[in-house]
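Please open the model in your viewer and keep the selection tool at hand. We will go from stop to stop, with a word on what to look for at each.

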Amino acid sequence: MLKRYAAERLSSVIPDLSVEAIEAALEVPPNPAFGDWAFPAFPLAKTRRKAPPIIAREIAEALAAGVSGLRAEAVGGFVNLRLDRAAILPDLLRALSAPEHKAPKVGAGERVIIDMSSPNIAKPFGVGHLRSTVIGRALANLYARLGYTPVRVNHIGDWGTQFGKQIAAYKRWGEAIDRDGGAEAGKDRIRFYLSLYVRFHEEAERDPSLEAEGRRWFQKLEAGDPEARRLWQMFVEDSLREFERMYRRLGVEFDRVIGESFYNDRMPAVIDELREKGLLEESEGAMVVRLDDEGLPPCLILKSDGTTLYATRDLATAIYRHDEMGGDWLVYVVGQEQTLHFKQVFSVLKKMGRTWADRCVHVPFGLLRFAGKKLSTRKGHVIFLEDVIDEAVAKAREIIEEKNPALENKDEVAEAVGIGAIVFGDLKNGRLGDVNFSLEEALNFDGETGPYVQYTHARARTVLARAAEDADPAALAAAKARLESGGPLPPSATAALITDAAWAVLGVLDRYPAELRAALERYEPSVVARYALELAKAFNRFYHAERILVPDVDERAAKLVLVERAADVLQDALGLLGIAAPERI
Ligand code: ARG
């Protein structure tokens with residue numbers, strides 16, 4: 001609201017621009033000593049037929065003569081602006097405690113189907129799917145907060161030629177191992193399937209007949225062969241059990257979990273429709289939809305052996321999500337290596353006459369690298385997410401033991417901090433860049449990390465807990481209520497909140513609703529994560545600069561309101577990112 005307030009004041013002396021245009025033009029000066037914002041006069045030079053420095057001077061003079069609340073100084077072609085902090089403070093405090101501050105309304109209840117996580121069965125839940133899971137969850141939280149109805153869908157990869165290979169490998173080597181005593185259940189079951197898959201690819205290099213065997217098994221699977229179905233079912237159940245364990249630890253929930261196989265009996269209708277609309281063409285024995293006019297390679301619909309493809313299943317899936325799940329928007333949180341795939345699928349939908357294809361959005365993201373390694377499932381170079389989580393939690397436990405040996409629920413806090421470090425370490429990066437993840441770095445309590453934000457939040461809560469033991473709680477409560485009423489403030493309260501350190505915190509708090517809007521507009525949870533870091537830093541500077549529990553009740557109440565708002569917003573931002581905020585660390 002502060003920026004808006006400044007723009008409104010300015011607009012009374014710049015009648016030729018709208019308040020919105022002025023607000024958009026305001027810049028944050030590189031040095032805070034120049035003021036809160038700078039208004040560049042350059043764009044007005046043409047219409048006013050004057051040099052920018054002259055215009056800047058005129059604006060500054062007009063403000064000084066007739067407008068309160070904003071002090072101005074012309075410097076070159078800019079008008080540097082400084083808020084009258086004391087004048088705006090009561091309105092600001094009221095705005096910060098209004099419910100809309102944490103929930104600015106943007107949507108009108110539209111349903112947004114979010115495809116997120118979507119791991120493949122018989123494969124370990126890798127760190128790659130972690131990104132889709134945590135970015136997807138954060139976006140779903142933002143959608144819900146801003147007035148949409150998100151539907152979180154886990155589109156399990158349980159269909160495709162690789163399952164033919166998986167069955168072939170199991171028949172060749174796995175069955176015997178299971179018969180002679182069996183691989184263990186649970187986590188080791190997936191490692192077992194992975195080892196068979198790796199062996200398949202190793203041996204297929206020497207013996208090409210294996211590939212044909214894999215293809216045959218997939219054909220059998222698509223044709224409903226009982227043995228193929230039984231083995232496939234076993235892979236599905238064993239895998240879902242492991243995924244479930246991971247989701248529980250990450251605190252991730254889904255509204256629907258639907259495997260790709262669900263769409264098997266919906267694909268023929270799609271293929272018929274493509275044929276009827278004259279979109280299907282033969283190409284080297286396969287059936288494709290040409291997308292030359294879109295500048296894209298053809299989209300493969302049926303292989304020469306008649307089996308379907310990933311794209312075929314995604315067409316059926318999108319139609320289901322729109323027609324039967326009532327999705328107004330279809331959002332796909334999937335790695336950027338699949339960008340072409342989604343362009344093709346959305347283009348085919350458009351050619352089929354589905355105008356809602358314009359409301360299909362692929363939200364891509366870059367790779368997650370551990371110590372610079374790129375991982376390949378085929379060669380067995382995977383990092384099991386569960387191992388990463390276990391290591392993070394163990395390290396967090398050590399740090400907590402050292403920092404706060406008296407803490408009561410250390411295990412619970414270590415789980416929250418260890419997992420928070422991983423999730424924040426992912427989400428603080430713009431989603432498109434590759435992430436070089438280092439656990440050491442992600443767990444640094446003094447770095448730009450989840451634990452740093454969590455620790456700052458716990459610090460603020462600790463201050464509030466101490467304040468709750470106040471000698472005169474009624475007087476303190478009355479003083480706080482007065483601060484949020486929007487009426488005039490006692491001088492000692494005003495003085496406490498307009499210091500540079502306090503004002504910096506209030507200024508960051510003021511931006512929260514705008515940051516939430518920007519994060520969703522750009523599908524970028526990192527906006528929220530970076531904001532949380534900025535708020536934590538501003539709060540820590542205030543915390544170190546000021547004594548909070550001072551004798552004067554109005555000053556104490558004012559500082560506590562600031563601490564409480566900061567704690568609430570830090571907790572809220574972490575919550576949107578899917579990260580817990582323990583009261584004590
Ligand atoms: N299971 C796929 C993979 O791991 C991701 C699926 C994404 N969603 C979709 N509708 N295609 O690559």
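Select Ser118 to begin: this residue counts as buried because 21 C-beta neighbours lie inside 10 Å, and the cut-off for that label is 20 or more. Keep in mind that you are looking at a predicted model. Ser118 sits in the loop between E4 and H6. Check its backbone too: phi is positive, about 45°, although Ser118 is not a glycine.

Now step back to Ser117, which is placed in the loop between E4 and helix H6 (127-145). Is Ser117 buried or exposed? With 29 C-beta neighbours inside 10 Å, Ser117 counts as buried. Its phi is near 75°, again a positive value in a residue other than glycine.

Next, show the ligand and its surroundings. Ser118 is one of the residues around the ligand, and you can add Asp115, Asn120, His155, Gly157, Asp314, Thr317, Tyr332 and Val334 to the selection. Colour this shell by residue class and you should find 5 polar, 2 charged and 2 nonpolar residues.

From here, select residues 119-129. An unreviewed UniProt entry annotates this stretch as "short sequence motif: 'HIGH' region". In the model, 27% of the stretch is helix and 0% is strand, while its end C-alpha atoms are 6 Å apart.

Let us turn to the sheet. Strand E4 (residues 111-115) pairs with strand E10 (residues 329-333) in the parallel sense, over 4 bridges. To see one bridge in place, pick Ile114, whose partner in E10 is Val331. Widen the view and you will have an open sheet of 5 strands, paired in parallel and ordered E6-E5-E4-E10-E11. Which strands form the edges? They are strand E6 (256-259) and strand E11 (360-363), each pairing on one side only. On average, neighbouring strands of this sheet are turned by 25° against each other, direction ignored.

For a contrast with the buried serines, go to Glu20 in helix H2 (residues 19-25). Glu20 has 11 other C-beta atoms within 10 Å, so this residue is exposed; the limit for that label is 12 or fewer. Draw a distance from its C-alpha atom to that of Glu8: the separation is 8.8 Å, with the two residues 12 apart along the chain.

Finally, colour the model by confidence. The average pLDDT of the protein is 94, and 97% of the residues score at least 70. The model also scores ipTM 0.99 and pTM 0.94. Where pLDDT is low, the predicted coordinates should not be read in detail.

Note on methods:
Residues are numbered from 1 along each chain as its sequence is written. This is a predicted model: local features need pLDDT of at least 70, side-chain atom pairs count only at pLDDT 80 or more; totals for chains, interfaces and linings use all residues. Helices (H or I, at least four residues) and strands (E, at least two) are DSSP runs, numbered from the N terminus. pLDDT is the predictor's confidence in each residue, from 0 to 100. UniProt positions are given in the numbering used here, feature names are shortened, and annotations may be inferred rather than shown by experiment. A residue is near a molecule or strand if its C-beta atom, placed from the backbone, lies within 6 Å of it. Ala, Val, Leu, Ile, Met, Phe, Trp, Tyr, Cys and Pro count as nonpolar, Asp, Glu, Lys and Arg as charged, and the others, Gly among them, as polar. Two strands pair if DSSP finds at least two bridges between them. Axes are lines fitted to C-alpha atoms, for helices over the stretch in contact, and angles run from 0 to 180 degrees between N-to-C directions.
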